[in-house]
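Here's a quick briefing to read alongside the sequence and the 3D view. We'll start with how some strands line up, then turn to where two chains touch.

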Amino acid sequence: MTTLHMVNKSPFEKNAMQSALGHALKGDAVLLFEDGVYGALKGTTVASELGRIAGEVKVYVLGPDLTARGLGGDGRIADSVTVVDYNGFVDLVTTHQRTQAWL
Amino acid sequence: MLGHELARSSRVRPALRKCRSSRGSTKVKLSILVNEGPYTHQASDSAYQFTKAALEKGHEIFRVFFYHDGVNNGTRLTVPPQDDRNVQKNWSELAEKHKLDLVVCIAAAQRRGILDEGEAKRHNKGEGSANIAPGFRISGLGQLIEAGIEADRLVVFGD
């Protein structure tokens, strides 16, 4: 029973991403979208949290929301994070048994 | 109020079985919950883009339920600037194209002035005051519960 954790708030505004990463179990995935995409950036104060769970929990970020914020360029995203489009978002929902929105 | 809401929740869709698409990937039945109004942050846009992508991939959308400020997606009176997206119209057109069931919570709608013909008449709001957008219908919370039970996944978009 795997869960897709959906995070739509910046980790510099709310603790949704930290909560999601803390609750995610092995095999779960975390999707950063809307303002949540700021959590996927390299070299920030929360970037180490992504590295800490790498290998157990896959972290994804929604590409269109990165682009909308001017963050779509190469090299801005942490190495452990995978960029997906809306099709990838749908696949993440359908390949995990549950979704949890960390609103 | 509860009795009234339940009375309006009598429309039940037959459950469809999961089936396989031609590409071999499993088709899934999804329900969507929208808790945020249009032009607020991004939830309405994300929910719309997600729903559209899911339909294009051949998945079934059992229902889209609009709750709290999300009911504001369902007014036909919005007139956004011409160079901006029209969130309400996008939903109506998607519903028309794919025969979607767009349901607005009645209690949330009444608080925010979203009325269909029946509600406008019941509350004596005068001729022509019904403002529910095409493709939307007003019903009770039972429809959200049913959406959660009938679908394989309930995907929540909000603030």
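Let's begin with a pair of strands in chain A: S1(A) and S5(A) run parallel and are joined by 4 bridges. Keep in mind that you're looking at a predicted model.

**Strand S1 and its partners**
- To see one of the links between S1(A) and S5(A), find Met6(A), whose bridge partner in S5(A) is Ala101(A).
- S1(A) also pairs with strand S2 (residues 29-32) of chain A, again running parallel, with 4 bridges between them.
- Here you can look for Val7(A), which has Leu32(A) as its bridge partner in S2(A).
- Strand S1 of chain A covers residues 3-7, and 4 of its 5 residues are buried, so the rest of the structure largely encloses this strand.

**A strand-helix-strand unit**
- Follow chain A from S1(A) through helix H1 (residues 16-23) to S2(A), and you've traced a right-handed β-α-β unit.

**Where chains A and B touch**
- Chain A puts 11 residues into the contact, while chain B puts in 16 residues.
- On the chain A side, helix H4 (86-95) and strand S5 (98-101) each supply at least two residues.
- The top contributor to that side is H4(A), with 6 residues.
- Sort the residues on the chain A side by type and you get 7 nonpolar, 3 polar and 1 charged.

**Tying it together**
- S5(A) turns up in both stories: it's bridged to S1(A), and it supplies at least two residues to the side of chain A that touches chain B.

Terms used:
Residues are numbered from 1 along each chain as its sequence is written. Chains are lettered from A and ligands numbered from 1 in the order in which they are written. This is a predicted model: local features need pLDDT of at least 70, side-chain atom pairs count only at pLDDT 80 or more; totals for chains, interfaces and linings use all residues. Two residues are in contact if their C-beta atoms, placed from the backbone, lie within 7 Å. Ala, Val, Leu, Ile, Met, Phe, Trp, Tyr, Cys and Pro count as nonpolar, Asp, Glu, Lys and Arg as charged, and the others, Gly among them, as polar. A residue is buried if 20 or more other C-beta atoms lie within 10 Å of its own, exposed if 12 or fewer, and partly exposed in between; C-beta atoms are placed from the backbone. Two strands pair if DSSP finds at least two bridges between them. A crossover is right-handed if, with the strands pointing away from the viewer, the path from the first strand over the helix to the second runs clockwise.
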